[in-house]
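Biologist: Hi! Could you pull up the model so we can walk through it together?
Modeller: Sure, here you go.

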Amino acid sequence: MSTTERRREAGGPIATDVDRSDLDLLLLIRHFEQAVLDLFSAGEVNGTTHTCIGQEHVPVALRTLLHPEDFLFSNHRGHGHYLARFGDPAGLLAEILGRAGAVCHGVGGSQHIHRAGFLTTGVQGESVPVAAGVALHLKRHRPGALSVAFIGDGTWGEGAVYEALNMAALWRLPLLLVVEHNGIAQSSPTEAQLAGSIGGRAAAFGLTHRRVDSPDVGRIRELVRGDLERVRSHGVPGVLEFSVPRLGPHSKGDDTRAPEELRSLRRRDWYRHYQRSFPDLFAETEERQRKAVADVVREVRGRPLSTWGTDGWG
């Protein structure tokens with residue numbers, strides 16, 4: 001079976017009841033990312049860092065639809081993907097700061113993290129052919145498991161993406177591309193660097209495609225649950241395209257967008273929608289998560305630097 005589904009789902013206010021664990025995670029990621037930017041400004045982050053502020057609802061929505069045996073490939077803007085998968089802010093922050101207890105002993109930093117069934121990379125498009133290879137392995141040895149690659153709209157300019165999709169379609173691989181379409185590739189607007197549409201490019205390979213604009217975590221799950229199950233059971237690779245705002249800079253302070261554009265983007269922020277829809281619960285949860293992140297920052301900053309040696313990690 002080779003089908004093409006190009007459905008656009010309208011955005012809007014939060015329509016479903018909120019799950020407390022979802023709101024906890026949304027606000028944990030938001031305050032974690034803000035803390036990382038503060039630490040960078042204080043000169044405590046080695047190298048660079050890219051936050052997912054404005055995009056947190058995508059990994060939070062997908063977390064309950066993904067299985068432990070699924071393999072996830074993240075990207076340079078992947079802190080939210082990691083936290084939704086593992087709920088480990090201390091290990092991630094230690095990795096970013098190069099402190100003891102870091103996920104990869106401090107050598108991966110913000111962009112290159114490996115943990116069981118999870119891999120991030122700062123190289124645009126690199127993850128997609130690797131994810132296709134893992135999908136081939138899963139098809140042969142773990143039927144029903146998915147290989148999921150999170151990419152942005154700018155990554156569709158990489159030829160490796162199309163080579164991987166061609167193989168995935170031909171070989172009917174359980175590959176799912178999650179596109180966090182934030183309308184800008186570093187500082188280039190999408191319309192200046194992407195011809196046609198992502199849905200049209202998916203259609204060229206006979207892939208299923210769905211575009212979702214809603215910031216409502218519960219609504220997203222209702223919309224995409226069947227799409228994930230179809231990739232699992234039928235071997236037709238799929239593309240989920242989420243229209244999201246990138247509210248922070250590309251990496252640290254390198255944002256060239258006009259103030260009016262940023263104000264418009266903030267009106268689409270899931271944060272505002274949830275704050276307005278559930279004011280009391282939101283305020284209580286935010287205070288708790290703000291304190292939790294502050295405690296993590298204080299504890300991790302007090303750790304010694306991570307060490308390693310030629311005979312193995314230390």
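Biologist: How much area does the protein expose, and what share do carbon and sulfur atoms supply?
Modeller: The protein exposes about 13400 Å², with 51% of that supplied by carbon and sulfur atoms. Areas come from the Shrake-Rupley method with a 1.4 Å probe, and for residues only the protein chains shown count as cover. This is a predicted model, where local features need pLDDT of at least 70 and side-chain atom pairs count only at pLDDT 80 or more, while totals for chains, interfaces and linings use all residues. Residues are numbered from 1 along each chain as its sequence is written, and side-chain values use heavy atoms, leaving out hydrogens and water.

Biologist: Thanks! How many helices and strands are there?
Modeller: There are 12 helices and 12 strands. They are DSSP runs numbered from the N terminus, helices being H or I with at least four residues and strands E with at least two.

Biologist: What about strand S9, buried or exposed?
Modeller: Five of the five residues in S9 (residues 208-212) are buried, meaning under 20% relative accessible area, with exposed over 50% and partly exposed in between (1.4 Å probe, protein chains only). Thr208, Arg210 and Val212 point one way, His209 and Arg211 the other.

Biologist: Why the two directions?
Modeller: In a regular strand, side chains alternate between the two faces of the sheet.

Biologist: Which strand does S9 pair with, and in what sense?
Modeller: S9 pairs with S10 (residues 238-243) in the parallel sense, over five bridges; pairing takes at least two DSSP bridges between the strands. Arg211 stands opposite Glu241 in S10.

Biologist: Switching topic: which residues touch the most other members in the largest nonpolar core?
Modeller: Leu62, Leu93, Val224, Phe242 and Tyr274, out of 59 residues. Such a core is a set of buried Ala, Val, Leu, Ile, Met, Phe, Trp, Tyr and Cys residues joined through side-chain atoms within 4.5 Å. Helix H1 gives the largest share of this core, 10 residues.

Biologist: And what is Val224 in contact with?
Modeller: Leaving aside neighbours within four places in sequence, Val224 is in contact with Leu62, Leu65, Arg210, Val212, Leu240 and Phe242. Contact means heavy atoms within 4.5 Å.

Biologist: Last one: what do the buried residues of H12 pack against?
Modeller: They pack against helix H1 (20-41), helix H4 (89-97) and helix H11 (270-277). Among those buried residues of H12 are Leu281, Phe282, Val293 and Val300.
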